[in-house]
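User: I have a chain to look at and plenty of terms to sort out. Can you take me through them?

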Amino acid sequence: MAALSALLLIGVDAVLRPVAPVRAGSAAATVIGTLAERSGRPAARVRVTMEPSNGAGSPTYSATTDRAGRWRVSGALAGRYRITYHLPGASAPRYYPGRVSHPLGFVAVPARGRLVVNDVLPRAGRIRFVAADAATGVRVREFCVQNPLELGFYCTNPSGPFPDGYVDLELPPGKYRFTGYATDGVHEGAMVDATAVDGRTTRATLPVQPPGAELKVVVRDRVTGAPVPNAAVRAMPVDKRFPDVYDVTEISDEQGVVRFRSLFPDRYHLWAGAGGGVYGAQWVGPNGGTGDRAKALVVEPGPGVTTLPDIMLDGAGSITGTITDRATGQPVSVTVALTTFDPFWYETTPKVPGNGAYTFSGLGPYEWSLAFIPPGNGGPGSPYAIQWSGGAPNSIKAARIKVVAGGTTVANERMSAGTAVSGKANGLPKYEYAGPLYAYNADTGDIVAVDENVEDGRYDIRLVPGQRVRFCLSTVRCHPDFTRLADATAFRVGTRPFTVDFPGWRR
């Protein structure tokens, strides 16, 4: 799972030409470049590092720019290298190429000859972090904070780069969410939003949790009021659209008590259910269960013990129906789920197979909407577009299906092919890893199509008309300028096929 997470986060941003394999005794190349500031002035005294993408397969090379911003590496073995720029006094490097905000860009060094890498120093702002007790505000000098564009943490350390009880991070301009934790053996985790401003230093405080921080709730039978043991309660951050293995799940004890002791200070929705088919699953609402996540209670754990109103479980019911082709009326096979999902987290999503018919059981007696997901997630080869109950394009417009405790509700679904959308994937040449391509509904954040393999530099998906969508590569590099999802362009989907190209594509 750690390797998968690294793959999802890292991706590949730029390759200049096909990669030659590294062979013993292979010829060496020269890499030269000129680095400039955005004003056009040469960027002098910047440390340039070329780190191989295959670990120990190739050496790491480095050089320092001269007063004209020029640098040179001679005798480089063929292979793929990540280029970083480390400014004097900076805590972390900036990454090639400057036009891409996602951090890991690669170049391909040929087996012989010369490679020219001219670049403009990427924009960046500096954020200075301190940590403080979330309850008292007292300064905590021993802590770590994660750069959201990397996997590693930066920590205060008397003998390290941050000996003075604060951590500086340089990032492309924009708003980020940072996680961190104290290393003083007393306090726990923290989370904070902060904004990097180009050319400026901003400040942020990590509110590390004091000992004893806990979220507590009791699970009960709504009819009898008796505690329900062995019920599972999952805490999902409000801004996450689908569950994954990093969500925290706790099980109620014999008294029905659930205790969360390891939640970051964030905003959460709670999902509750019990096995055995007696109780139905629910999103925990302000006044009981709900099948609509938009109506779920928002929980914000604070310092000390946060006690929530009891979770009242209702009896379980089911939804059943047939699934047919809208045009032919023939039965079709799709996955029926409570939410659309990232294929990398397929197993964490509540779902059932729909082989011309489906039955979704174990649901609480509330109004639900279902997602109908064809093979291939609406990508190449998918005969249908992802749709919601009633053929809707998103969870807001979906038909609501009323579940009755102890009963079965019939809800048939007719699948449509939707609108074909295609385009050039990004700046990668043919056969280089570039994906997957995600399409998100602009109003809900639901994943509405995935092309898992765009190695040929193209993508093909199908979308239900009547929605606005945003396109991203590897979930974080969005159209048009490899920006964040919130800043990406929203395209309206009609009934006619259309094309959306990512800029910078090369054959």
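Analyst: Start with the elements: helices (H or I, at least four residues) and strands (E, at least two) are DSSP runs, numbered from the N terminus. Thr-444 is found in the loop between β38 (437-441) and β39 (447-451). The model is predicted, so local features need pLDDT of at least 70, side-chain atom pairs count only at pLDDT 80 or more, and totals for chains, interfaces and linings use all residues. Residues are numbered from 1 along each chain as its sequence is written, and side-chain values use heavy atoms, with hydrogens and water left out.

User: Why is Thr-444 called buried?

Analyst: Buried means under 20% relative accessible area, exposed over 50%, and partly exposed in between (1.4 Å probe, protein chains only). Thr-444 has 13%. That value is under 20%, so Thr-444 is buried.

User: What makes the link between Thr-444 and Asp-446 a polar contact?

Analyst: A polar contact is a pair of N or O atoms within 3.5 Å; within protein, one must be able to donate a hydrogen and the other to accept it, and residues adjacent in sequence count only if both atoms are side-chain atoms. The side chains of Thr-444 and Asp-446 are joined at 2.7 Å. That distance is within 3.5 Å, so the term fits.

User: Which residues does Thr-444 touch, not counting those up to four places away in sequence?

Analyst: Contact means heavy atoms within 4.5 Å. Thr-444 touches Arg-241, Asn-394, Ser-395 and Ile-396.

User: How do you know that β12 and β13 pair?

Analyst: Two strands pair if DSSP finds at least two bridges between them. Strand β12 (residues 143-146) and β13 have 3 bridges, in the antiparallel sense. So they pair. Cys-144 stands opposite Cys-155 in β13.

User: What is the order of the open sheet of 4 strands, and what makes a strand an edge strand?

Analyst: The order is β13-β12-β15-β16, with antiparallel pairing. The edge strands, β13 (153-155) and β16 (189-196), each pair on one side only.

User: Where is Thr-179, and is it buried or exposed?

Analyst: Thr-179 sits in strand β15 (residues 174-182). Its relative accessible area is 17%, so Thr-179 is buried. Beyond its neighbours within four places in sequence, Thr-179 is in contact with several residues, including Val-145, Phe-153 and Ala-190.

User: What makes a set of residues a nonpolar core?

Analyst: A nonpolar core is a set of buried Ala, Val, Leu, Ile, Met, Phe, Trp, Tyr and Cys residues joined through side-chain atoms within 4.5 Å. The largest one here has 24 residues; among those touching the most other members are Ile-319, Tyr-358 and Trp-368. Strand β30 gives the most to this core, with 3 residues. In soluble globular proteins, nonpolar side chains tend to be buried together.

User: Why is Asn-230 called exposed, and Asn-377 buried?

Analyst: Asn-230 has 54% relative accessibility, so it counts as exposed. Asn-377 has a relative accessible area of 8%, so it is buried. Asn-230 lies in the loop between β18 (214-221) and β19 (231-237). Asn-377 lies in the loop between β32 (371-373) and β33 (387-388).

User: What is phi near in Asn-230 and in Asn-377?

Analyst: Phi is near 60 degrees in Asn-230 and near 55 degrees in Asn-377. Both values are positive, in residues other than glycine. Most residues other than glycine have a negative phi, and most peptide bonds are trans. The peptide bond from His-479 to Pro-480 is cis, with omega near 10 degrees.
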